[in-house]
Amino acid sequence: MLGTTSIGSGGSIGTLAAVGIAAHEAGHAIQDARAYVPLVVRNAAVPVAGFGSNLGILLIILGAIFSQWLVWVGIGLFAGVVFFQVVNLPVEFNASSRAKAQLLQLGIVGPNEMVYVDRVLGAAALTYVAALISAISTLLYYAFLLTGLRRDD
């Protein structure tokens with residue numbers, strides 16, 4: 001990797017954030033090299049999620065105009081997005097865990113600096129949690145609209 005010299009007290013928080021993000025991406029490379037099963041599943045799900053995200057919403061809209069069964073097909077396709085987000089979480093958390101271990105093991109970041117790396121990788125992980133919650137909420141919203149389970153104010 002980068003070497004065995006710690007960034008030390010001269011490293012800025014921005015530098016530590018950048019090192020953490022770069023190491024996270026290196027964590028994905030390690031996952032790929034070791035055929036990490038959740039990464040393999042996630043990579044296989046990418047086309048399904050892209051297809052479901054684009055065509056699913058379009059079918060939901062068209063179904064609202066033309067036929068209810070199109071809405072159900074759209075919801076089914078959009079479920080692929082939810083599946084992708086569920087599978088993506090362990091992949092991202094694992095890449096960060098691998099990154100932190102490598103940074104410490106190789107002496108790139110010292111224990112005192114790790115708090116900043118933890119913060120940036122923790123914040124990045126929350127974006128994936130938010131994406132999962134958003135996908136589930138969107139799926140449930142359309143399903144509730146279709147089944148009449150929406151809450152009337």
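**Helix 1 and helix 3**

I began with how helix 1 and helix 3 pack in this predicted model, and I noted an angle of about 110° with the two axes 7 Å apart. Because angles of 65 to 115 degrees count as roughly perpendicular, I wrote down that helix 1 is roughly perpendicular to helix 3. I then looked up the handedness of the crossing of helix 1 and helix 3, and I entered it as right-handed.

**The overall layout**

Next I wanted the wider setting, and I found that the secondary structure comes to four helices and zero strands. Reading along the sequence, I recorded the pattern as α-α-α-α. I also looked up burial for the protein, which has 153 residues, and noted that buried residues make up 34% of them.

**Salt bridges**

How many salt bridges does the structure hold? I counted two salt bridges in the structure. As a reminder to myself, I wrote that side chains of opposite charge can pair when their charged atoms come close.

For one of the two, I looked at E92 and R42, whose side chains meet in a salt bridge with a distance of 2.8 Å from N to O. E92 lies in helix 3 (residues 68–105) and R42 in helix 2 (residues 37–65), so this pair ties together parts that are 50 residues apart in sequence. Are the two partners buried or exposed? I found E92 with a relative accessible area of 6%, and because buried means under 20%, I entered E92 as buried. R42, at 14% relative accessibility, also went into my list as buried.

I then turned to D118, which forms a salt bridge with K100, and I noted that the closest N and O atoms are 3.4 Å apart. This pair links distant parts of the chain, with D118 in helix 4 (residues 114–147) and K100 in helix 3, 18 residues apart. For accessibility, I wrote down D118 as partly exposed, with a relative accessible area of 33%, and K100 as partly exposed too, with a relative accessible area of 26%.

**The start of helix 1 and a surface patch**

Going back to helix 1, I checked where it starts, and I found I13 in this helix, which covers residues 13–33. I13 has a relative accessibility of 54%, and since exposed means over 50%, I recorded I13 as exposed. Which residues form a nonpolar patch on the surface? I noted that I13, V115 and Y116 form this patch, and that together they have about 250 Å² of accessible area.

I also looked at S12, which is found in the segment before helix 1, and which counts as partly exposed at 37% relative accessibility. I then compared two kinds of separation for S12 and E113, and I found that they are 101 residues apart in sequence and 9.6 Å apart in space, C-alpha to C-alpha.

**A loop residue**

My last entry concerns A35, which lies in the loop between helix 1 and helix 2. I looked up the backbone angle phi of A35 and found a value near 50°, which I marked as positive in a residue other than glycine. I finished with the accessibility of A35, and at 47% relative accessibility I entered A35 as partly exposed.

Conventions
Residues numbered from 1 in each chain as written. Predicted model: local features only at pLDDT ≥ 70, side-chain atom pairs only at ≥ 80, totals over all residues. Heavy atoms only, no water. Patch = residues over 30% accessible without salt bridge, like charges linked within 9 Å, V, L, I, M, F, W, Y side chains within 5 Å. Areas by Shrake-Rupley, 256 points an atom, 1.4 Å probe, with all protein chains shown as cover. Salt bridge = Lys/Arg side-chain N within 4 Å of Asp/Glu carboxyl O. Helix = DSSP H or I, 4+ residues; strand = E, 2+ residues; numbered from the N terminus. Buried < 20%, exposed > 50% of the residue type's maximum accessible area, 1.4 Å probe, protein only. Axes fitted to C-alpha atoms, helices over the stretch in contact; angles between N-to-C directions. Parallel < 35°, antiparallel > 145°, perpendicular 65-115°, else oblique. Left-handed = near helix turned anticlockwise from the far one by under 90°.
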